[in-house]
Amino acid sequence: MGERMQIGEVAERTGLSLRTIRYYEEVGLAVPSDRSPGGFRLYTDPDVDRLRLIMRMKPLGFQLDEMGELLAILDPQPGDPEIADPAGRLAEFTANAEEACAKLRAKLRIAEDFAETLRAHQRA
């Protein structure tokens, strides 16, 4: 099974809080591969990769149900929902991600412009 990590190490590796990791488990997005005899969650590198995939969806505004569908397509696990038309659904998600990226780029341009305004005032 490879190296098994406890939740604290996973939090360090991903930058997610313990609470967020537990929440993703609670909603079924990222379930640890195993439990120790004492009941501690044990994660593997693929589990960490799945959490990182979730992290990349979050800034694009994907909802939990959409994240579940996307994970079922991109990183299928036992118990994931069956997607009727994975290719079609992936195309929809791709279009949504592209649109969200465009909106984020526009916001970033506005923020960079404002930061430059502040720097100009600072130099004056």
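**Entry 1: the tyrosines**

I began with Y23, which counts as partly exposed because its relative accessibility is 36%. I note at the outset that the model is a predicted one, and I read every value below with that in mind. For Y24 I found a relative accessible area of 6%, so this residue is buried. I then looked for aromatic pairs and found two in the structure. One of them joins Y23 and Y24, whose ring centres are 6.2 Å apart and whose planes stand at 50 degrees, so I entered the pair as tilted.

**Entry 2: the phenylalanines**

The other pair I looked up is that of F62 and F93, which is edge-to-face, with 5.7 Å from centre to centre and 75 degrees between the planes. I placed F62 in the loop between helix 3 and helix 4 and F93 in helix 5 (residues 86–123), so this pair ties together parts that lie 31 residues apart in sequence. When I checked accessibility, both F62 and F93 turned out to be buried.

I stayed in that loop for G61, which is also found between helix 3 and helix 4. Its relative accessible area is 43%, and G61 is therefore partly exposed. I also took the C-alpha distance from G61 to F114, which comes to 24 Å for residues 53 apart in sequence.

**Entry 3: helix 1 against helix 2**

At what angle do the axes of helix 1 and helix 2 cross? I find that the axes of helix 1 (residues 7–14) and helix 2 (residues 18–26) cross at roughly 105 degrees and come within 9 Å. That is why I describe helix 1 as roughly perpendicular to helix 2. On the side of helix 1 the contact is made by I7, G8, V10, A11 and T14, and these meet L18, I21 and R22 in helix 2. Sorting the residues of this contact by character, I counted five nonpolar, two polar and one charged.

**Entry 4: helix 3**

I next followed helix 3 (residues 45–57), whose 13 residues reach 19 Å from the first C-alpha to the last, close to the 18 Å expected at 1.5 Å a residue. Which residues of helix 3 are buried? My list reads D47, V48, R50, L51, L53, I54 and M57. I then asked what these buried residues pack against, and the partners are helix 1, helix 2, strand 2 (41–42) and helix 4 (64–74).

Helix 3 also holds D45, which I entered as partly exposed because its relative accessible area is 38%. Leaving aside residues up to four places away in sequence, D45 touches E3, M5 and R13. I looked up the C-alpha distance for one of these partners, E3, which lies 7.2 Å from D45 in space although the two are 42 residues apart in sequence.

**Entry 5: Q6**

My last lookup was Q6, in the segment before helix 1. With a relative accessible area of 43%, Q6 is partly exposed. Again setting aside residues up to four places away in sequence, I find that Q6 touches F40, R41, L42 and Y43. For L42 I added the C-alpha separation from Q6, which is 5.0 Å across 36 residues of chain. R41 and L42 make up strand 2 (41–42), so I note that Q6 touches both residues of that strand, the element against which buried residues of helix 3 also pack.

Technical notes. Residues numbered from 1 in each chain as written. Predicted model: local features only at pLDDT ≥ 70, side-chain atom pairs only at ≥ 80, totals over all residues. Heavy atoms only, no water. Axes fitted to C-alpha atoms, helices over the stretch in contact; angles between N-to-C directions. Helix = DSSP H or I, 4+ residues; strand = E, 2+ residues; numbered from the N terminus. Parallel < 35°, antiparallel > 145°, perpendicular 65-115°, else oblique. Contact = heavy atoms within 4.5 Å. Nonpolar A, V, L, I, M, F, W, Y, C, P; charged D, E, K, R; others polar. Expected span 1.5 Å × (residues − 1). Buried < 20%, exposed > 50% of the residue type's maximum accessible area, 1.4 Å probe, protein only. Phe/Tyr/Trp six-rings, centres within 6.5 Å; stacked < 30°, edge-to-face > 60°.
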